[in-house]
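Morning, everyone. I have one structure to walk through today. Please keep the sequence and the view open while I talk.

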Amino acid sequence: MENNELNLPGYEIPEDVKNVVAVTTLDRLLNPVYNWGRRSSVWPLMFGLACCAIEMIAAQASRYDLARFGMEVMRPTPRQADLMIVSGTVTKKMVPAIVRLYNQMPEPKYVMAMGACASSGGPFKEGYNVVAGIDKFLPVDVYVPGCPPTPQALMNGLIMLQKKIDKEKISQVRWYRKGHDSVEIPVPILGPDLIDPRRIPDIKAAAAQPVTTPAQAGG
């Protein structure tokens, strides 16, 4: 790297030490090394939901060798994982468990929607028991299309996640700020239907509105 790329504007280096000393910021110097360490040691959470999980298992086999990317260590506990791969159909009965697992993962953490079902509901989108995408409840970082996607598609999604990590800056990310508290997502309530606790005030406000019958509307 040339000296001009490291020097912070506004700081002049004497000529006698110009090729020896470089003035820069901690953010510019530390980010590449820090992000390289994180991108090369992503630990996915070990769980699957439907047929996409079979493709995820195949991607872990020797033919595709995810160890090349540092992502072969799948953890059976959310407290040791930083990537949630939602692989398969997300039913309303399963969403509370998924959100609870996500809340137990330490920061920084990422979510990948693998396949059409996890991304938008897939062929079951109009079903009474299927959520039309996990992004209705969790922040998704990478979408992997397919029904189900191949192991190669999953690997491409993981590479996209690595590129996203490379662009993160310690001074700007939410989870590194001083006094930051991990954002806990309210666990949905499963009843006759799935209720997002964040929408309860809207539901109460709508329920408090007076009911207008067709006769009243016409009069």
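Which residue lies over the face of Tyr-102? Lys-109 does, at 4.2 Å from the ring centre. One caution before I go on: this is a predicted model.

There is another charge placed over a ring. Arg-75 lies over the face of Trp-43, and here the separation from the ring centre is 5.2 Å. What about rings with rings? The count of aromatic pairs comes to 0. A ring pair needs centres within 6.5 Å.

Now the overall layout. The chain has 219 residues, and 34% of them are buried. Its secondary structure comes to 8 helices and 5 strands. Along the sequence, the pattern reads α-α-α-β-α-β-α-β-α-β-β-α-α. Take the contacts with a separation of 6 or more: 71% of them join residues 24 or more positions apart.

Next, the sheet. How many strands form it, and in what order? There are 3, arranged S1-S2-S3, and the sheet is open with parallel pairing. Strand S1, residues 83-87, stands at one edge, and strand S3, residues 142-144, also stands at an edge. Each has a single partner strand, so one side of each has no neighbour in the sheet. From one strand to the next, the twist averages 20°. As a reminder, strands of a sheet pair through backbone hydrogen bonds, either parallel or antiparallel.

Zoom in on S2, residues 110-114. S2 pairs with S3 in the parallel sense, over 3 bridges. You can find the register from one position: Met-114 stands opposite Val-144 in S3. Then look at what crosses the strands. Helix H3, residues 51-59, lies across S1 and S2. H3 runs at about 130° to S1.

On to single residues. Start with Asn-35, which sits in helix H2, residues 26-39. Is Asn-35 buried or exposed? Asn-35 is buried: its relative accessible area is 2%, and the cut-off for buried is under 20%. What does its side chain meet there? A polar atom of the Asn-35 side chain lies 2.7 Å from the backbone oxygen of Glu-168. Leaving out residues up to four places away in sequence, Asn-35 touches Ile-165, Asp-166 and Glu-168. So Glu-168 appears in both the polar approach and the contact list, because contact means heavy atoms within 4.5 Å.

Now the loops. Thr-89 is in the loop between S1 and helix H4, residues 95-104. Thr-89 counts as buried, at 16% relative accessibility. Which residues does it contact, beyond neighbours within four places in sequence? Thr-89 is in contact with Leu-49, Ala-50, Cys-117, Phe-124 and Val-130.

Last stop, Pro-123. Pro-123 lies in the loop between helix H5, residues 115-120, and S3. Pro-123 is exposed, with a relative accessible area of 59%. Again setting aside neighbours within four places, Pro-123 is in contact with Cys-117 and Cys-147. Cys-117 is also on the contact list of Thr-89. How far apart are the C-alpha atoms of Pro-123 and Thr-89? They are separated by 9.5 Å, while along the chain these two are 34 residues apart.

To recap, keep three places in view. One is the open sheet, S1-S2-S3. Another is buried Asn-35, with the backbone oxygen of Glu-168 at 2.7 Å from its side chain. And then there are the two loop residues, Thr-89, which is buried, and Pro-123, which is exposed. Thanks, I'll take questions.

Methods: Residues are numbered from 1 along each chain as its sequence is written. This is a predicted model: local features need pLDDT of at least 70, side-chain atom pairs count only at pLDDT 80 or more; totals for chains, interfaces and linings use all residues. Side-chain values use heavy atoms; hydrogens and water are left out. Two strands pair if DSSP finds at least two bridges between them. Helices (H or I, at least four residues) and strands (E, at least two) are DSSP runs, numbered from the N terminus. Axes are lines fitted to C-alpha atoms, for helices over the stretch in contact, and angles run from 0 to 180 degrees between N-to-C directions. Rings of Phe, Tyr and Trp (its six-membered ring) pair if their centres lie within 6.5 Å; planes under 30 degrees apart count as stacked, over 60 as edge-to-face and the rest as tilted. A charge sits over a ring if NZ of Lys or CZ of Arg is within 6 Å of the ring centre and within 35 degrees of the ring normal. Buried means under 20% relative accessible area, exposed over 50%, partly exposed in between (1.4 Å probe, protein chains only). A polar contact is a pair of N or O atoms within 3.5 Å; within protein, one must be able to donate a hydrogen and the other to accept it, and residues adjacent in sequence count only if both atoms are side-chain atoms.
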